[in-house]
Amino acid sequence: MSILDAGGNAFDAVAAALAASFAAEPLLSSPGGGGFLLARPAGEAPRILDFFTHTPLARLPPGQEEDFREIHVDFGGARQAFQIGLGSVATPGAIAGLFAAHGDLGRMPLGEVMEPAVAAARGGVAVTAMQAYVASVLAPIVNSTSGAARLHAPEGRPLAEGDLHRLPELADLLETLAIEGDALFYRGEVAAAVARASEERGGHLGRDDFRRYAVERRTPLASTFRGATLWTNPPPASGGVLVAFGLAALAADPAAVPGDPQGEAEARRLARALGLTAKARLAEGLSGEVDLALARRFLDPATLARYVGEAGRHPPAPRGTTHMSVVDRAGNAASLSISNGEGCGWVVPGAGFMLNNMLGEADLQPRGFGRWPTGVRLTSMMAPTLLAEPDGRIVALGSGGSNRIRSALLQVIAGIVDQGLPLEAAIARPRLHVEASRLEIEGGWPEGAVVALTADWPDHAVWPAPNLFFGGVHAVEQGPRGSGGAGDPRRGGVSST
């Protein structure tokens with residue numbers, strides 16, 4: 001907001017927000033991670049800046065021990081294994097993405113764009129309840145190295161709500177980047193430190209991985225839903241393709257759009273679309289690497305018709321991402337998602353941030369750990385999205401939530417378009433998620449809807465309350481109804497106009 005107030009545009013503001021997220025959500029967003037920006041300059045076609053992580057150009061030589069180890073984290077109701085260590089690190093793209101977004105589309109001096117982030121890192125950010133929860137869950141990663149513990153558990157315990165979290169080394173890095181440019185990161189001290197540690201301790205990254213990293217500029221995946229146009233993240237990411245398929249399944253559902261956005265009919269309609277998407281994802285190969293040819297086959301009307309037809313004959317059979325959206329008064333729109341995975345546990349000395357663990361993310365490694373192809377962009381479920389309605393209204397939105405991103409976005413878009421819900425109501429209403437044949441039912445659905453869903457889906461779980469498991473959708477809008485936004489209460493989201 002300070003950047004917009006100072007005369008910056010939406011792209012200056014989203015670059016500033018990205019940098020500030022490194023200080024505000026350092027276990028989820030980091031210069032050591034990667035992401036995507038969907039940008040629509042006013043009066044121009046939308047575009048994607050892909051600055052997601054890239055697999056190393058080469059693996060460790062045979063016989064050299066890899067720093068790749070399993071840890072377990074406790075979510076309260078379940079425990080989950082994660083792979084960390086320098087062997088889990090892919091080439092980070094976050095800093096290249098920040099510079100590309102500002103260089104391509106921004107207009108303010110970069111030093112001014114970085115100022116809020118530098119101030120936040122140096123002065124400290126008060127830890128929110130959600131960030132305290134993340135810190136407690138990821139304590140085994142934080143405590144896996146002395147560098148991470150010094151950075152994220154400075155008092156010898158996980159950060160608690162209300163603690164002031166200062167990252168002075170990160171402040172210095174951001175301030176210096178604004179002066180020297182991203183060469184400091186990709187050709188200078190940061191790249192050298194990572195390459196040296198990888199060589200000594202069993203990581204895959206070298207200086208060439210950093211030198212040769214480049215932001216990919218792509219054409220967004222375009223589709224329509226009940227007269228509205230949707231632009232979202234294209235392959236090699238899979239999330240946008242799955243959102244488009246799910247919305248097409250909703251549009252093809254013969255059931256009329258009900259009047260009650262939380263009623264039984266609406267719950268069953270959403271569950272059918274989510275179930276079809278989950279089934280088609282596995283059957284058509286969308287759980288692995290995705291290219292444009294596969295996306296076109298997946299979104300072919302004949303493929304959709306086949307799954308919708310099957311649904312009519314048979315009843316249903318039984319990570320961390322930060323998102324920010326900005327629109328400005330000129331009509332520029334930006335939707336940006338960034339992730340550090342869970343973090344690898346290793347902190348770049350003197351730089352104040354932890355590297356990603358994308359090579360240790362099972363969802364991103366469909367061939368199995370250690371079998372990644374060299375020198376390619378990793379796939380992702382992240383799906384920064386722009387929705388344009390016939391009346392001129394635009395909505396920029398996106399979500400965190402790993403595999404639940406596709407479900408969260410589908411349900412919010414359906415609420416906006418089908419139900420005509422305001423952003424806050426569309427985001428706050430309870431959600432569903434289908435993975436394979438299991439239906440997850442978020443707390444908040446009326447009893448009648450829950451009874452109907454559990455009857456349809458023998459394999460199910462009913463959550464007692466809203467939960468950040470179901471994603472965190474953040475959205476802003478501009479159009480005939482005015483400007484506004486909504487942050488997801490599940491994720492500690494905020495909005496300002």
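Author: Let's start with a definition: a residue is buried when its relative accessible area is under 20%, exposed when over 50% and partly exposed in between, using a 1.4 Å probe and protein chains only. One note on what you see above: this is a predicted model, where local features need pLDDT of at least 70 and side-chain atom pairs count only at pLDDT 80 or more, while totals for chains, interfaces and linings use all residues. Residues are numbered from 1 along each chain as its sequence is written, and side-chain values use heavy atoms, leaving out hydrogens and water.

Reader: Thanks! Can we try it out? Is Asp253 buried or exposed?

Author: With a relative accessible area of 14%, Asp253 counts as buried. Asp253 also has a charged partner: Arg272 forms a salt bridge with Asp253, and the closest N and O atoms are 2.9 Å apart. A salt bridge here is a side-chain nitrogen of Lys or Arg within 4 Å of a carboxyl oxygen of Asp or Glu.

Reader: Where do Asp253 and Arg272 lie?

Author: Asp253 is in the loop between helix H12 (239-252) and helix H13 (264-283), whereas Arg272 is in helix H13, so this pair ties together parts that are 19 residues apart in sequence. Arg272 itself is partly exposed, at 33% relative accessibility. As for the names, helices (H or I, at least four residues) and strands (E, at least two) are DSSP runs numbered from the N terminus.

Reader: What about salt bridges inside one helix?

Author: The general idea is that side chains of opposite charge can pair when their charged atoms come close. Look at Arg268 and Glu264, a salt bridge whose closest N and O atoms are 3.2 Å apart. The two are 4 residues apart in helix H13, which means a separation of about one helical turn. Arg268 is partly exposed at 28%, and Glu264 is partly exposed at 39%.

Reader: Which residues does Arg268 touch, not counting those up to four places away in sequence?

Author: Ala452, Leu453 and Asp456, where contact means heavy atoms within 4.5 Å. By comparison, the C-alpha atoms of Arg268 and Ala244 are separated by 19 Å, although these residues are 24 apart along the chain.

Reader: Where can I find another pair in one helix?

Author: Try helix H11 (residues 207-211), where Arg211 and Asp208 sit 3 residues apart, about one turn of the helix. Their side chains meet in a salt bridge of 2.8 Å, N to O. Both are partly exposed: Arg211 at 38% and Asp208 at 42%.

Reader: How many salt bridges are there by this rule?

Author: The count comes to 28. Some join into a network, which links Arg226, Glu266, Arg269, Asp418 and Arg429. Arg226 is worth a second look: its phi is near 50 degrees, a positive value in a residue other than glycine. You will find Arg226 in the loop between strand E8 (221-225) and strand E9.

Reader: How do I read the way two helices pack?

Author: Compare their axes, which are lines fitted to C-alpha atoms over the stretch in contact, with angles from 0 to 180 degrees between N-to-C directions. Helix H4 (residues 110-123) and helix H8 (residues 168-180) pack at about 175 degrees, their axes 8 Å apart. They are therefore roughly antiparallel, the word for angles over 145 degrees (under 35 is roughly parallel, 65 to 115 roughly perpendicular, the rest oblique). Among the residues that meet are Met114 and Val118 in H4 and Leu174 and Leu177 in H8.

Reader: And which residues touch the most other members of the largest nonpolar core?

Author: Leu37, Leu98, Leu177, Val348 and Leu355, out of 83 residues in that core. Helix H2 (residues 10-24) gives the most to this core, with 10 residues. Apart from it lies another core of 61 residues, including Leu242 and Leu453. A nonpolar core is a set of buried Ala, Val, Leu, Ile, Met, Phe, Trp, Tyr and Cys residues joined through side-chain atoms within 4.5 Å. Leu37 touches, among others, Val14, Phe51 and Ala334.

Reader: Which residues of helix H5 are buried?

Author: In H5 (residues 129-137), they are Met130, Gln131, Ala132, Val134, Ala135 and Val137. Their cover includes H2, strand E3 (69-74) and helix H6 (139-142).
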